[in-house]
Every structure is written in C-alpha cells, then in structure tokens.
Amino acid sequence: MNPIFLSSEIKMMLDQLKDGIYIANKNGVTLWINQTSEKQLGVKRKDIIGKTADELEARNLFTPSVTKIVLKKRKTISKAQTSKGIQYLATGSLIELEETGEEYVIVHVKDISEMVKNAFKLKKAETLMSQYWNEIQKMKSEKRAETGEKRLIGTSDAHNEVMDLLRRVANFDATILLQGETGVGKSVFAKEVHVLSDRRNQPFVQVNCGALPANLIESELFGYKKGAFTGANSRGKTGLIEEASGGTLFLDEIGEFPLELQPKLLQFLQDKSFLPIGSTVLQHSDTRIITATNQDLLQLVKEKRFREDLYYRLNVIPIEILSLKERREDILPLAHHFLQTYNYKYQRNVVLSKEVQPFFYRYNWPGNIRELENLIERLVITVRQEKILENDLPYHMLKTDDESALLGAEEEELQGKSLSEYLDSIERKMILRAYSKYKSTRKMAEKLGLTQSAVVRRMKKYDIS
C-alpha cells in the first residue's frame, strides 16, 4: 500500500523532476519510483514496485543500496551509487508520518557525472578538489603532530612512490595486499588508505588473523544467529564484516587465515555476500577489504596452505612496504617524529645529539619502525639529560665488526657537508664499491641486504651506470 502522501497529484509533480525519486517502506520494500528513476535504473516502474532493496541490489540495479544503509543507521545518508555504469549521488532520509506513525525511506538520486561536466568541466573540478584535499590533509597532519597520532613519515623516493600509489588507489574498492617485514607499519598504511578514501567517515575495523584462534575467526568475522551453537550469545552476534559496512576491514597476517574458512572469505570478496553461522539467508555488506602479510603467499599456495584463487583475489593491488634498511633516508625523520610524539606524551624535551645520528642511520633495524619507535620511547623516558648521547644507546647499535667496511669509507670529517649530504656520500661509495665488484644488481642486492629494486633506485639516484 502506498503512503497517504503519495496522491496522484504528488506523483505527477515528482514525475516532472530531472532527479530520481525512490520511496520504500520500513522493511525496505519499494513503494514507488518516479519516471527519472526508471530511466536511471533502466527498468520499468512495475518491475520495481514490491521488490526489496536486497533483491534490487542483488540484481545489480544499483550498488550500494542507500535504503538499506538508512534503515540500519537510522539517519540521513549520502553515498556515491553506481547504476548501469553511471555514478549518482544518492541521498536517503528516514521520515515518519505523524498521522500514522509509519516510517518510510525517501532517496533522492542525482546524476553527478553530468552535473560536474556541465558546471565545472571535469578536469578543472578534479584539480580544484585535489588542491582542497591536499589542504585538508595538511591540516590533519598538523593536528596529528599535536596529538601524537601515528602517521606516515618519510622523504625517500621509495616512501614517496608508495604514498603516490596509495593516493591513486584509495577511492577504488579493489582489494589491496600490503607486503613487508614485521614492524614496517603495514597497519598504519592500511589506515591511511581508509583516511584517503571516500569511506573515511565510516568504520575502520582491524583484525589480526594470527592472534585469533581458528575456531573463533568465523564467528568474529561473519557473526552468528541466536542458538547457532552451545554457548552462543542468546541474541546472536554481528560479525566484523557487517560492523565495517560502508567502511574498511583490515585483515592483518592474512597468511594465518584458516584454510577451511578461505572459501567463505573468497565468496565475500567475489559478491559481498556471506552467511552467518546458523543462518540460511545470505547477507550483504558494503565493506572494503585490505589485507597484509609478512609471508610469501605464493609459497604458501605451493605448499597447499593457502588457496590459489583467494591469493589472486587478494592480490589485485599489491603494495610492498620496504624495510628501514632499504630506505635509510627515512630513519632520522622517523626518529624525530617519534621524539616529538613521546616528548609531548611524557612532557619532556629530549633531542638526538649530532654524535648519535650516524649510529641511527647505519644500524639495520631488524625490527623496523616498531623497533625504532620503542627505542625512542625508552630513551625519552630514561635519559637524564635533554640530549641522547652515544652512551645512552644500546650496545647492539654501537657494535660493528668492521666499521670502515660498513661505512664503505675511511673515517672522515663532515668537511662542511650537512649530515644528509655526508650520509649520501657514504651510501654512494658503498653502491659504487658493490657495483665495481659484482656488476649485477641481483648480487649487489644480496650482499648489501637490499632488494634489487632498491639497488636500482639508488644507482639511478647517484647516476651510477
């Protein structure tokens, strides 16, 4: 039954609008759409009325369903919605009629692609939006510095390349696989993708697959219905995939994901549907998936410990986060950032003395950023003076088997160079020495403890060929 406010006169007026109007009841059942909405969806009104939002979404008439989100959140929601390959801005609101107390969802759908093209000339609009976005990110960065919130710090070419890639892929819902050693900050990179995306105001949910027992992962991720098993919550449980609806779910240590549950995760990645434990009805969730691992997933596939089809579904956009020893230019900026963070936290004013900075630069940091951050926090707490001196550093940072060989040069003074220039000269000598000896970037990478791509970047930086 149509709501009482949809008289024939009202319908006639709504049919004249150039924007789509979609109306559903409190159960998500379609009550009426105007003529523009018919054109947007490419379906006749009679084939839409009486169908639920779930059914229409399953038919790919639009993605995602704003009606479902409004009914769940119980507030006005605006989302970019795709229908027939065209993007629209869909704004849904929940209204209640005073006379009857009945609730309805009204969705206003505007073709934003035409609006942007006609009003701004799309390319200029994108440039302007990019400028605004950069300004917003700058203000956010300043706020993070004040509060000590973790953020991505770096000046190296490798860091800048990764950041550029993050910005380019953030607003696309393709699955991202972050790869890198333990401690390189993969979770911070995942959060940055979320913050850079249009999902930034929705939940970011993080799950460590290696920290949860295998028998709990299914119920935590997919949830369960009441009475699903002995000891289950009498009201059932909402899974984290549903909790993250509209936002991002970050699955850390994906290599530890139980083999027997991998088909269920694969199904969700393919069509955004999942089956809670104890349920026979598929549910849908508009959740973006980002995963991370420090393992070689292809090797796990060969060992039959990871499904090949799931690997390729996760590996749509692989991003390698390099270790600190592969981007030494970032060590001191990170150290100064952590000093700022923990000075603020512990109300101190500790700085690195010039004499200790080369030790930070040449140490290999096997624990990566996590090790560096933990060391800085400890030093801020424990040093008596306001300068961190050589005798404050742990012994393993000071110990070298052959310091001159490690530095690739005899002891020399700065001779008017800045620290950055001095360290660059040391690195260039090491690269030159390795090149003259091995003539192969693969062998150089092996001996220097770098990746082959890192060696190639440094050879290009120092014009070595």
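How many bridges join β6 to strand β12? Four bridges join them, and the two strands run parallel. That pairing is a stop on this tour, after some notes on the model.

**Before selecting anything**

This is a predicted model, in which local features need pLDDT of at least 70 and side-chain atom pairs count only at pLDDT 80 or more, while totals for chains, interfaces and linings use all residues. Residues are numbered from 1 along each chain as its sequence is written, and side-chain values use heavy atoms, with hydrogens and water left out.

**The whole chain**

Show the whole chain and colour by pLDDT, the predictor's confidence in each residue, from 0 to 100. The chain averages a pLDDT of 84, and 85% of the residues score at least 70. Residues 401-413 have a pLDDT below 50; beyond near neighbours in sequence, this stretch has 16 contacts in the model. Contact means heavy atoms within 4.5 Å.

Now switch to a cartoon view. The secondary structure comes to 21 helices and 14 strands. Helices (H or I, at least four residues) and strands (E, at least two) are DSSP runs, numbered from the N terminus. Of the 465 residues in the chain, 45% are buried. Buried means under 20% relative accessible area, exposed over 50%, and partly exposed in between (1.4 Å probe, protein chains only). Among contacts between residues at least 6 apart in sequence, 61% join residues at least 24 apart.

**The five-strand sheet**

Select β1 (20-25) and β5 (103-111), then add β2 (30-33) and β3 (77-83) and β4 (residues 86-96). These strands form an open sheet in the order β2-β1-β5-β4-β3, with antiparallel pairing. Strands pair if DSSP finds at least two bridges between them. The edge strands are β2 and β3, each of which pairs on one side only. From one strand to the next the twist averages 25 degrees. Axes are lines fitted to C-alpha atoms, for helices over the stretch in contact, and angles run from 0 to 180 degrees between N-to-C directions.

At the β3 edge, seven bridges link β3 to β4 in the antiparallel sense. Pick Ser83 to find Ile86 of β4 opposite. Next add helix α4 (residues 66-73), which packs on the sheet and touches β1, β3, β4 and β5; its direction makes about 155 degrees with that of β3.

**Glu103 and Gln40**

Select Glu103, in strand β5. Is Glu103 buried or exposed? Glu103 is buried, because its relative accessible area is 17%. The side chain of Glu103 makes a polar contact with the side chain of Arg74, at 2.5 Å. A polar contact is a pair of N or O atoms within 3.5 Å; within protein, one must be able to donate a hydrogen and the other to accept it, and residues adjacent in sequence count only if both atoms are side-chain atoms. Leaving aside neighbours within four places in sequence, the residues in contact with Glu103 include Asn25, Leu94 and Glu96.

Move to Gln40, in helix α2 (residues 35-41). Gln40 counts as buried, at 9% relative accessibility. A polar atom of the Gln40 side chain lies 3.3 Å from the backbone oxygen of Val109. Beyond neighbours within four places in sequence, Gln40 is in contact with Asp19, Gly20, Ser83, Lys84, Tyr88 and Val109.

**The parallel strands**

Select β6 (residues 176-179) and β11 (residues 288-293), which pair in the parallel sense over four bridges. In β11, Thr293 is the bridge partner of Gln179. Add β12 (residues 317-320), joined to β6 by four bridges, and pick Ile176 to see Ile317 of β12 opposite.

**Leu300**

Continue to helix α12 (residues 297-302), where Leu300 lies. Leu300 is buried, with a relative accessible area of 4%. Leu300 and Gly255 are 45 residues apart in sequence and 7.8 Å apart in space, C-alpha to C-alpha. Gly255 is also one of the contacts of Leu300 outside its neighbours within four places in sequence, along with Gln295, Arg305 and Phe306.

**Two loop residues**

Most residues other than glycine have a negative phi. Select Asn60, in the loop between α3 (53-58) and α4: Asn60 has a positive phi of about 60 degrees and is exposed, with a relative accessible area of 58%. Finish at Gln347, in the loop between α14 (331-346) and β13 (351-352). Phi of Gln347 is near 55 degrees, and Gln347 counts as exposed at 68% relative accessibility.
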